Amino acid sequence: MENQTNLDKLNDKISQILQSYNSLKEENKTFRTDLITLRAENQAKDIEIEKLVEANLMKDLEIEEIVEKIESILG
């Protein structure tokens, strides 16, 4: 009778471990999916930042040209 009880305990523990493993496996899968999504979003934001920096530089050049024109008009 004692062996059966120990066998039942072992079986219960193995079931708990398997449930925990499957739960962690699904959580890991979710984290991987989230990571891929966040990396893609980060890359898109990096591209947008590059575009905005470039646009800002172009605006700075335009401002410099306007200032030069004003200075040349004023003498």
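**Exercise 1. Place Leu 7 and describe its surroundings.**

Leu 7 lies in helix 1. Helices are DSSP runs of H or I with at least four residues, strands are runs of E with at least two, and both are numbered from the N terminus. The model is predicted: local features need pLDDT of at least 70, side-chain atom pairs count only at pLDDT 80 or more, and totals for chains, interfaces and linings use all residues. Residues are numbered from 1 along each chain as its sequence is written, and side-chain values use heavy atoms, with hydrogens and water left out.

Step 1. Find the exposure. Leu 7 has a relative accessible area of 49%, so it is partly exposed. The classes are buried (under 20%), exposed (over 50%) and partly exposed in between, with a 1.4 Å probe and protein chains only.

Step 2. Find the partners. Leu 7, Leu 10, Ile 14 and Leu 18 make up a nonpolar surface patch. Together they have about 380 Å² of accessible area. Areas come from the Shrake-Rupley method with a 1.4 Å probe; for residues, only the protein chains shown count as cover.

Step 3. Check the patch rule. Members have over 30% relative accessible area and no salt bridge; nonpolar side chains (Val, Leu, Ile, Met, Phe, Trp, Tyr) are joined within 5 Å, like charges within 9 Å. A salt bridge puts a side-chain nitrogen of Lys or Arg within 4 Å of a carboxyl oxygen of Asp or Glu.

**Exercise 2. Describe the charge around Glu 71.**

Step 1. Glu 71 is found in helix 1, residues 2-74. Its relative accessible area is 52%, so Glu 71 is exposed.

Step 2. Asp 60, Glu 62, Glu 64, Glu 65, Glu 68 and Glu 71 gather in a negative surface patch.

Step 3. Turn to the whole chain. It has 10 positive and 17 negative side chains, with the centres of the two sets 11 Å apart. Lys and Arg count as positive, Asp and Glu as negative; His and the chain ends are not counted. Each charge is placed at NZ of Lys, CZ of Arg, CG of Asp or CD of Glu.

**Exercise 3. Characterise the overall fold.**

Step 1. The protein chain has one helix and zero strands. Its radius of gyration is 32 Å, well over the 11 Å that the globule rule gives for 75 residues, so the chain is more spread out than a compact globule. The radius is taken over C-alpha atoms; the rule is 2.2 Å times the number of residues to the power 0.38.

Step 2. Along its principal axes, the C-alpha trace spans about 110 × 15 × 5 Å. Of the 75 residues, 0% count as buried.
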